[in-house]
Amino acid sequence: MPDTAIDALSPLDGRYAGKLAAVRYLFSEAGLMRERVRVECAWVLALAAGPAAAALAALPRDARQWLESLAKSPASTDVLAIKGKSRAPIMT
């Protein structure tokens, strides 16, 4: 059974939770959010290295490292912050 509703797939989580465990990480709402964040951060980094390099040249090193970490693997706390379940700042 998922830890939170954001990790749920559907009402199938009750009876078929054991059979769905392998796909929950990818197909839950949290999985969708993680993938969106990962793709968007990778896109910003690609723009910063190419066509928008001049405009994004002033991107601070900390911000670039944060984007790189999100592009690799957003944390579950980032997903909760997106959903508005946490008052914690997204970037520390």
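How many helices and how many strands does the protein have? It has four helices and zero strands, where helices (H or I, at least four residues) and strands (E, at least two) are DSSP runs, numbered from the N terminus. Reading along the sequence gives the pattern α-α-α-α.

A quick word on ground rules. This is a predicted model, in which local features need pLDDT of at least 70 and side-chain atom pairs count only at pLDDT 80 or more, while totals for chains, interfaces and linings use all residues. Residues are numbered from 1 along each chain as its sequence is written, and side-chain values use heavy atoms, with hydrogens and water left out.

## The protein as a whole

Of the 92 residues in the protein, 25% are buried. Here buried means under 20% relative accessible area, exposed means over 50%, and partly exposed is in between (1.4 Å probe, protein chains only). The accessible surface comes to about 6500 Å², and 61% of that belongs to carbon and sulfur atoms. These areas come from the Shrake-Rupley method with a 1.4 Å probe; for residues, only the protein chains shown count as cover.

Now for contacts, meaning heavy atoms within 4.5 Å. Among the contacts with a separation of 6 or more, 41% are between residues 24 or more positions apart.

## Two sides to a helix

Let's start with the buried and exposed residues of three helices.

| Helix | Buried residues | Exposed residues on the face turned away from the buried side |
|---|---|---|
| H1 | Ala 17, Leu 20, Arg 24 | Lys 19, Ala 22, Tyr 25, Leu 26 |
| H2 | Ala 30, Gly 31, Met 33, Arg 34, Val 37, Cys 41, Leu 45, Ala 48 | Arg 36, Glu 40, Trp 43 |
| H3 | Ala 63, Leu 67, Leu 70, Ala 71 | Arg 61, Asp 62, Lys 72 |

In H1, the buried residues are Ala 17, Leu 20 and Arg 24. They cover an arc of only 70° around the axis, which puts them on the same side of H1. The arc is that of the directions from the helix axis to the C-beta atoms.

Helix H2 has 21 residues, which should span 30 Å at 1.5 Å a residue, and its end C-alpha atoms are indeed 30 Å apart. Seen down the axis, the buried residues of H2 fall within an arc of 165°, so they line one face of the helix. The expected span of a helix is 1.5 Å times one less than its number of residues.

Helix H3 (residues 61-72) has 12 residues and reaches 17 Å from its first C-alpha to its last, close to the 16 Å expected. Its buried residues cover an arc of only 100° around the axis, which puts them on the same side of H3.

## A patch on the surface

Which residues make the nonpolar surface patch? Val 23, Tyr 25, Leu 26 and Phe 27 do, over about 450 Å². Patches are made of residues with over 30% relative accessible area and no salt bridge: like charges are joined within 9 Å, nonpolar side chains (Val, Leu, Ile, Met, Phe, Trp, Tyr) within 5 Å. Val 23 is found in helix H1 (residues 17-27) and is partly exposed, with a relative accessible area of 30%.

## One salt bridge

The structure holds one salt bridge, meaning a side-chain nitrogen of Lys or Arg within 4 Å of a carboxyl oxygen of Asp or Glu. The partners are Arg 38 and Glu 35, with side chains that meet at 2.6 Å, N to O. Side chains of opposite charge can pair when their charged atoms come close. Arg 38 and Glu 35 are three residues apart in helix H2 (residues 29-49), so about one helical turn separates them. Both count as partly exposed: Arg 38 has 28% relative accessibility, and Glu 35 has a relative accessible area of 39%.

## Links across the chain

Is Arg 34 of helix H2 buried or exposed? At 8% relative accessibility, Arg 34 counts as buried. Leaving out residues up to four places away in sequence, Arg 34 touches Tyr 25, Ser 28, Pro 74 and Val 79.

Ser 73 sits in the loop between H3 and helix H4 (76-83). This residue and Arg 34 are 39 residues apart in sequence and 7.4 Å apart in space, C-alpha to C-alpha. Ser 73 is partly exposed, at 47% relative accessible area.

Finally, Leu 56 belongs to the loop between H2 and H3. With the same four-place limit, Leu 56 touches Val 44, Leu 47, Ala 48 and Arg 64.
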